[in-house]
Amino acid sequence: FLPKIFKGKRILVTAGPTLESIDPVRALTNFSSGKMGYSIARVAQAMGAEVTLVSGPTSLTTPLVSHFESVTSAEEMYQAVMYAIAQQDIFIGVAAVADYRPAEYSAKKIKKSGQPLTLELIPNRDIIAEVAAMPNAPFCVGFAAESDDLLKHAEEKRQRKKLPLVVANIASDTMGKDDASIVLLDDEGTHTFSYAPKAELAATLLQHIANIMNI
Ligand code: C5P
């Protein structure tokens, strides 16, 4: 049983990886499964929110949320988020957005030559940092999946992107898994939640957001 504390609130969630095409048959992506973001979207909807889920490519079943938008690249995710953002009370950026994309897309399949091949990458826009910097920004929650120095990197990210709340976890503990352990970093400090199913962590996170926002 989940109390409907988010009734009348709109929550935008991004989830999954993004996929950056190199040529018609190749792409760059990452190991995000989308499970954490989908859990958060599903639980937020169950807690009464009107949820918009913007998802990169995953193999998951589309959850029952108010609005679902499927995207491929970071640029498409950026456009989908910006289209919906003005109406949102809360933005939760769970997606593992590719930091870079190929500088050029080759419309023809790149042929192998036997020689080394250099691929030039250019940075993608940081969706959550841009949202957090908007006037009248919704309450923004970022995720930090790190391989080392978890709290240091997560807090640095929280400061740099100006996010009131960051959810930190060790990438290899969470990517593709059904369970995870998380640390929440906010103005008060850190709050650790050890290994639990992602649906349970989603409820914990959403309750924490409600507490900070006084709802
Ligand atoms: O810097 P890093 O990619 O590790 O930050 C992770 C957080 O920033 C996540 O909340 C992710 O959804 C968000 N992000 C974003 N746009 C990017 C890169 C990351 O919204 N281009």
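The legends below accompany several views of a predicted model of the protein chain.

**View 1. The whole protein chain, with its six helices and 12 strands.** The C-alpha trace of the protein chain spans about 60 × 35 × 35 Å along its principal axes. For 215 residues a compact globule would have a radius of gyration near 17 Å, and the 18 Å of the protein chain agrees with that expectation. Buried residues account for 39% of the 215 residues. Among contacts in the protein chain with a separation of 6 or more, 62% join residues that are 24 or more positions apart.

**View 2. The shell of residues around the ligand.** The shell holds 15 residues, of which Gly93, Val97, Ile127, Ile128 and Gly142 come nearest to the ligand. Two elements, α3 (127–132) and β9, each give two or more residues to this shell, and the largest share, three residues, is that of β9. By residue class, the shell is made up of seven nonpolar, four polar and four charged residues.

**View 3. The positions annotated in UniProt as "binding site".** The annotation comes from an unreviewed UniProt entry and covers Asp99, Lys109, Phe143, Lys157 and Lys161. These positions are spread over 63 residues of sequence and are also spread in space, with up to 37.2 Å between C-alpha atoms. Two of the annotated residues, Phe143 and Lys161, are taken up in the next two views.

**View 4. Phe143 in strand β9.** Phe143, one of the residues covered by the UniProt annotation "binding site", lies in the strand that runs over residues 139–146. Phe143 counts as buried because it has 26 C-beta neighbours inside 10 Å, where 20 or more are required. When neighbours within four places in sequence are left aside, the contacts of Phe143 are with Gly93, Val94 and Val167; of these, Gly93 is also listed among the residues that come nearest to the ligand.

**View 5. Lys161 and Lys162 in the loop between α4 and β10.** The loop that holds Lys161 lies between α4 (150–160) and β10 (165–170). Lys161 has 19 other C-beta atoms within 10 Å and is therefore partly exposed. Leaving aside neighbours within four places in sequence, Lys161 is in contact with Asp126, Ile128, Ala129, Ala132 and Gly142, and two of these residues, Ile128 and Gly142, are also among those that come nearest to the ligand. Lys162, which lies in the loop between α4 and β10, counts as partly exposed with 13 C-beta neighbours inside 10 Å. The phi of Lys162 is near 55 degrees, a positive value in a residue other than glycine. Most residues other than glycine have a negative phi.

**View 6. Asn214 in the segment after α6.** Helix α6 covers residues 198–213, and Asn214 is placed in the segment that comes after this helix. Asn214 has a positive phi of about 60 degrees, although it is not a glycine. With 5 C-beta neighbours inside 10 Å, Asn214 counts as exposed, the limit for that class being 12 or fewer.

**View 7. Ala107 and Asp23, 84 residues apart in sequence.** Ala107 lies in the loop between β7 (100–102) and β8 (121–123), and it counts as exposed because it has 7 C-beta neighbours inside 10 Å. Despite the separation of 84 residues in sequence, the C-alpha atoms of Ala107 and Asp23 are 5.8 Å apart in space.

Notes. Residues are numbered from 1 along each chain as its sequence is written. This is a predicted model: local features need pLDDT of at least 70, side-chain atom pairs count only at pLDDT 80 or more; totals for chains, interfaces and linings use all residues. UniProt positions are given in the numbering used here, feature names are shortened, and annotations may be inferred rather than shown by experiment. Helices (H or I, at least four residues) and strands (E, at least two) are DSSP runs, numbered from the N terminus. Two residues are in contact if their C-beta atoms, placed from the backbone, lie within 7 Å. A residue is near a molecule or strand if its C-beta atom, placed from the backbone, lies within 6 Å of it. Ala, Val, Leu, Ile, Met, Phe, Trp, Tyr, Cys and Pro count as nonpolar, Asp, Glu, Lys and Arg as charged, and the others, Gly among them, as polar. The radius of gyration is taken over C-alpha atoms; the globule rule is 2.2 Å times the number of residues to the power 0.38.
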